[in-house]
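Hi there,

Here is the structure I promised to send over. Please have it open while you read the notes underneath.

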Amino acid sequence: MPASPSSSAQAAREAVAHRLRDLRKEAGLTVVQLAAACGWHYSKTSRIENALTGPSATDIRHWCTAAHADDQAQDLVVQSINAESMYRQWRDQVRAGLRHVQESRGKAFRATEHFRVYSSGLVPGLLQTEGYALAVLHMAAGIHDVETDDSAEAARARVERSRIIHEQGHRFVVVIEEAVLYYQVADPEAMAAQLGYLLTAGALPAVSLGIIPMTARRTRWPEETFHVYDERLVSVELVSAEVSVTQPSEIALYVEAFEQLRGMAVYGADARALIVKAIDALR
């Protein structure tokens with residue numbers, strides 16, 4: 001099982017903090033001496049070394065100069081920036097509006113050839129209809145106290161972005177839990193349209209849609225929703241944040257998890273039968 005994404009993000013922060021602490025010790029400096037050389041209070045040094053405060057690029061450069069390790073400053077700056085970008089608060093993301101979040105990911109989508117998506121709670125965005133997307137995004141706006149609810153514009157942007165499934169040069173492997181078909185996140189009409197669209201989208205040449213039946217013998221428990229973009233990035237959705245995983249070893253763990261989940265799913269006629277059963281349950 002992959003480590004918790006939030007733990008991965010914290011571990012990345014701690015790696016930077018521990019390296020800075022090691023540089024200080026290798027230079028023979030105490031916490032107070034390094035702080036004096038950098039021109040700040042010694043408590044700041046302690047907070048940085050204990051990963052309680054993230055150092056700025058300027059902090060890192062001052063630290064490395066004091067520790068006679070200027071040659072390591074740039075690498076540590078990059079490492080620190082990557083660590084902080086792993087963990088992005090949802091509220092920070094939606095501050096500019098839900099539509100902005102949808103549009104900001106267009107470049108990453110177009111650059112990806114192989115999408116692997118696992119979802120345990122919702123129809124993934126790539127396969128959402130506008131009505132279903134509107135219900136989901138309106139719910140998100142309420143949960144995250146978005147000042148201006150632009151969920152209607154965001155839903156249209158999401159559907160527009162999802163047209164990529166019809167473009168050449170991309171392939172999509174999507175695995176969902178059967179329960180997703182029954183969660184009433186939208187009104188019955190929107191749910192029926194969404195389930196009907198899954199029948200259509202699942203038949204596209206570039207799309208492989210797998211559904212893990214509720215009766216399947218589990219070899220792996222349901223996981224948090226995650227997206228794998230080629231072999232370069234995994235995006236994991238948590239309650240408080242979206243975590244970006246870029247370390248190759250961690251990406252490999254998510255790919256392994258995806259393959260195990262994919263192996264429990266049914267496809268083709270069997271998957272369509274589950275969708276039709278869910279549609280019938282709406283009547």
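Below is what I found on its salt bridges.

Please keep in mind that this is a predicted model. The structure holds eleven salt bridges, and I picked out three of them for you, with a word on how much of each partner is accessible.

Let me begin with Arg 19 and Glu 26. Their side chains form a salt bridge, with N and O 3.4 Å apart. Glu 26 is exposed, at 58% relative accessible area, while Arg 19 is partly exposed, at 26%.

Next comes the pair of Asp 230 and Arg 232. Here the closest N and O atoms lie 3.8 Å apart, and the pair counts as a salt bridge because the cut-off is within 4 Å. Is Asp 230 buried or exposed? Asp 230 is buried, with a relative accessible area of 17%; the label applies because buried means under 20%. Its partner Arg 232 is partly exposed, at 36%.

The last pair on my list is Asp 280 with Arg 283. These two side chains meet in a salt bridge at 3.0 Å, N to O. Arg 283 has a relative accessibility of 77% and so counts as exposed, since exposed means over 50%. Asp 280, in turn, is partly exposed, at 39%.

As a general reminder, side chains of opposite charge can pair when their charged atoms come close.

Happy to talk it through whenever suits you.

Best wishes

Key:
Residues are numbered from 1 along each chain as its sequence is written. This is a predicted model: local features need pLDDT of at least 70, side-chain atom pairs count only at pLDDT 80 or more; totals for chains, interfaces and linings use all residues. Side-chain values use heavy atoms; hydrogens and water are left out. Buried means under 20% relative accessible area, exposed over 50%, partly exposed in between (1.4 Å probe, protein chains only).
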